[in-house]
Amino acid sequence: SIAIGRTAGQTSQGTEGIAIGYLAGNNSQGQSAVAIGVNAGQGTTTAQGANAIAIGNNAGVASQTAGSICLNASGVALNPNQAGCFIRPIRAGVGAPTAALGLPSGLLYYDPATFEILYTT
């Protein structure tokens, strides 16, 4: 396991875990979990689960389910409660392709001009 930063991986860091940043993976980081950033995977409520990935300030700060991916650049806590990929923020796209294709709202798409993943409105 690797822990870099003040109190990173302090309490029961799992084998092969990586915690980088102040309080990253601080409380019961699961086996093979990765936490990078201030408070990432901190586990203030429950542990960061095994094989979970938390990147960014407050990514999985309270809890993070095993096998989940949490990318957070909002500064607001993002705590995945099931396995899956959780990303904040994702910007709303305007104009094409939403209007041009008549797509329903809430769909993700890739804009090759800006290299962004956006959602339809």
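This is a short tour of a predicted model, stop by stop, with something to select at each one.

**Whole chain**

Start zoomed out, with the cartoon on. The protein has one helix and nine strands, and along the sequence they come in the pattern β-β-β-β-β-β-β-α-β-β. The C-alpha atoms fill a box of roughly 55 × 25 × 20 Å along the principal axes. Of the 121 residues, 36% count as buried. Switch on the surface and you are looking at about 6,300 Å² of accessible area, 60% of which belongs to carbon and sulfur atoms. Among contacts between residues at least 6 apart in sequence, 5% join residues at least 24 apart.

**The sheet**

Now colour the strands by number. Six of them form an open sheet in the order 1-2-3-4-5-6, with parallel pairing. Strand 1 and strand 6 stand at the edges with a single partner strand each, so one side of each has no neighbour in the sheet. From one strand to the next, the twist averages 5 degrees. As background, strands of a sheet pair through backbone hydrogen bonds, either parallel or antiparallel.

Begin at the strand 1 edge. Strand 1 is joined to strand 2 (residues 18-20) by three bridges, and the two run parallel. Select A3 and look across to strand 2: its bridge partner there is A19.

**Strand 5 and its two neighbours**

Move along to C70 in strand 5. On one side, strand 4 (residues 53-55) pairs with strand 5 in the parallel sense over three bridges, and A54 has C70 as its bridge partner. On the other side, four bridges join strand 5 to strand 6 (residues 85-88), again in parallel; here C70 is partnered with F86.

Which residues of strand 5 are on the covered face, and which on the uncovered one? Show the side chains to see: C70 and N72 make up the covered face, while I69 and L71 make up the uncovered one. That fits a general rule: in a regular strand the side chains alternate between the two faces of the sheet.

**The nonpolar patch**

Stay on I69, which lies in strand 5. I69 counts as partly exposed because its relative accessibility is 32%. Add I2, I4, I20, I36, I55, L71 and I87 to the selection, and together with I69 you have a nonpolar surface patch of about 590 Å². The elements giving two or more residues to the patch are strand 1 (2-4) and strand 5 (69-72).

**A glutamine in a loop**

Next, select Q42, in the loop between strand 3 (34-36) and strand 4. Is Q42 buried or exposed? It counts as buried, because its relative accessibility is 11% and the cut-off for buried is under 20%. Show what surrounds it: leaving aside neighbours within four places in sequence, Q42 is in contact with L23, G25, N26, N27, G60 and V61.

**The salt bridge**

Last stop. The structure holds one salt bridge, so to find it, select E116 and R91, whose side chains meet at 2.6 Å, N to O. The pair links distant parts of the chain: E116 is in strand 9 (residues 116-119) and R91 in strand 7 (residues 91-92), 25 residues apart. Both ends count as partly exposed, E116 because its relative accessibility is 23% and R91 because its value is 44%.

How values were computed:
Residues numbered from 1 in each chain as written. Predicted model: local features only at pLDDT ≥ 70, side-chain atom pairs only at ≥ 80, totals over all residues. Heavy atoms only, no water. Patch = residues over 30% accessible without salt bridge, like charges linked within 9 Å, V, L, I, M, F, W, Y side chains within 5 Å. Areas by Shrake-Rupley, 256 points an atom, 1.4 Å probe, with all protein chains shown as cover. Salt bridge = Lys/Arg side-chain N within 4 Å of Asp/Glu carboxyl O. Buried < 20%, exposed > 50% of the residue type's maximum accessible area, 1.4 Å probe, protein only. Pairing = 2+ DSSP bridges. Contact = heavy atoms within 4.5 Å. Axes fitted to C-alpha atoms, helices over the stretch in contact; angles between N-to-C directions.
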